[in-house]
Every structure is written in structure tokens, then in C-alpha cells.
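Here is a short walk through one protein chain. Keep the sequence and the 3D view side by side as you read.

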Amino acid sequence: MREIIPRLAIVIPCYNEELCIESTVGKLSEVLSSLIDKGKISDDSYMYLVDDGSSDSTWSIIEKLHDTNNFVKAVKFIKNFGNQKAIIAGYEGVHDLGCDCAVSIDADLQQDE
């Protein structure tokens, strides 16, 4: 029987994250690449960035990252709805895009407890 390698989606809610989003995507790209190389996740795993109505340049940075990084997928809200709604929308989005498992992390890579 062939082992099934899961497709991982990382949901990242973003609100005015222009100062950290490039670094975050870079670090998570390294993590995804490492997990792919080890055969832990499939090579079509990805990050799903949800721009929660940012008023800074977060969305334009995300668009550039999408153009240069195959791991980056994204959606933009027309206004700010809040972190929890962005996470829920992210999980709904990755469900529609397809994944076997999904996790979320804040755009600054800090997870409040």
C-alpha cells in the first residue's frame, strides 16, 4: 500500500503587516520546503494569507509574494472584520482550495495563548 502524503495549508490572517509579512513568508517557505524534502507533506502544500482589510501596503506585498513564491495563495477582505473572522474565512478558503490538514498562525509568527 502506498503512503499518502498530506497536503498542508497554513492560514495566516494579516492586518497591517507590511513590516513582517515578507519575513514570515520567507521563514514559512523554508519550513514547507524542509517538510516536503523529508516527505512529511506534499509538494502542493501552501500558505493562505487572508488580508483583513489592511490600510497599509500589506496587500501589494502579498501580491508580489504570490507572483514569486509558489507557496503563496491569498484573499483580500474589502474592510477589517477582525482576526477570528479572517481565520474562519481562511479555513473555509483552504477547504475550497483543497487540503488534508490546516493550521493557522499569526502573521508575526507569534501565537497568543
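Met47 has a bridge partner in E3, and that partner is Val72. This is a predicted model, so treat each position as a prediction. The bridge belongs to a longer pairing. E2 and strand E3, residues 72-76, run in the parallel sense and share 5 bridges. Met47 also has a partner in another strand: Ile10 stands opposite Met47 in E2. E1 and E2 are joined by 6 bridges, again in the parallel sense.

Now step back to the sheet. It is open, has 4 strands, and pairs them in parallel. Their order is E3-E2-E1-E4. Which strands form the edges? They are E3 and strand E4, residues 101-104, and each pairs on one side only. Neighbouring strands are turned against each other by 20 degrees on average, direction ignored.

The order along the sequence is another matter. Counting elements, the protein chain has 3 helices and 4 strands. Read along the sequence, they follow the pattern β-α-β-α-β-α-β. One stretch of that pattern can be picked out: E2, H2 and E3 make a β-α-β unit, and the unit is right-handed.

Next, the helices against the sheet. H1 lies across E1, E2 and E3. Its direction runs at about 160 degrees to E2. H2 packs on the sheet as well, where it touches E1, E2 and E3. The direction of H2 makes about 150 degrees with that of E3.

What fills the space between these elements? Look at the largest nonpolar core, which has 17 residues. Ile12, Ile21, Met47 and Leu49 touch the most other members. Four elements each supply at least two residues of this core: strand E1 (8-14), helix H1 (21-37), strand E2 (46-51) and helix H2 (58-68). Another core lies apart from it. That one has 8 residues, among them Val50, Phe77, Ala86 and Val94.

Take Ile12 as a guide to the contacts. Leave aside its neighbours within four places in sequence. Ile12 is then in contact with Leu28, with Met47, Tyr48, Leu49 and Val50, and with Ile105, Asp106 and Ala107. Contacts that reach far along the sequence show up in the chain total too. Among contacts between residues at least 6 apart in sequence, 79% join residues at least 24 apart.

Is Ser29 buried or exposed? Ser29 sits in helix H1. Its relative accessible area is 10%, under the 20% limit, so Ser29 counts as buried. Beyond its neighbours within four places in sequence, Ser29 is in contact with Met47, Asn69 and Phe71. Met47 thus appears once more: it is a contact of Ser29, and it is also a contact of Ile12.

Glu3 offers a contrast. It is found in the segment before E1. Its relative accessibility is 65%, over the 50% limit, so Glu3 counts as exposed. Now set Glu3 against Ala74. The two are 71 residues apart along the chain. Their C-alpha atoms are separated by 30 Å.

Two residues deserve a look at their backbone. Most residues other than glycine have a negative phi. Asn16 is not a glycine, yet it has a positive phi of about 50 degrees. Asn16 lies in the loop between E1 and H1. With 29% relative accessibility, Asn16 counts as partly exposed. Leu109 is also not a glycine, and it has a positive phi of about 65 degrees. Leu109 lies in the segment after E4. Leu109 is partly exposed, at a relative accessible area of 25%.

Finish with the whole chain. It has 113 residues, and 39% of them count as buried. Along its principal axes, the C-alpha trace spans about 50 × 30 × 25 Å. How does the radius of gyration of the protein chain compare with that of a compact globule? For 113 residues, such a globule would have a value near 13 Å. The protein chain has 14 Å, which agrees.

Conventions. Residues numbered from 1 in each chain as written. Predicted model: local features only at pLDDT ≥ 70, side-chain atom pairs only at ≥ 80, totals over all residues. Heavy atoms only, no water. Core = buried A, V, L, I, M, F, W, Y, C linked by side-chain atoms within 4.5 Å. Buried < 20%, exposed > 50% of the residue type's maximum accessible area, 1.4 Å probe, protein only. Contact = heavy atoms within 4.5 Å. Pairing = 2+ DSSP bridges. Right-handed = clockwise from strand over helix to strand, strands pointing away. Axes fitted to C-alpha atoms, helices over the stretch in contact; angles between N-to-C directions. Rg over C-alpha atoms; globule rule 2.2 N^0.38 Å.
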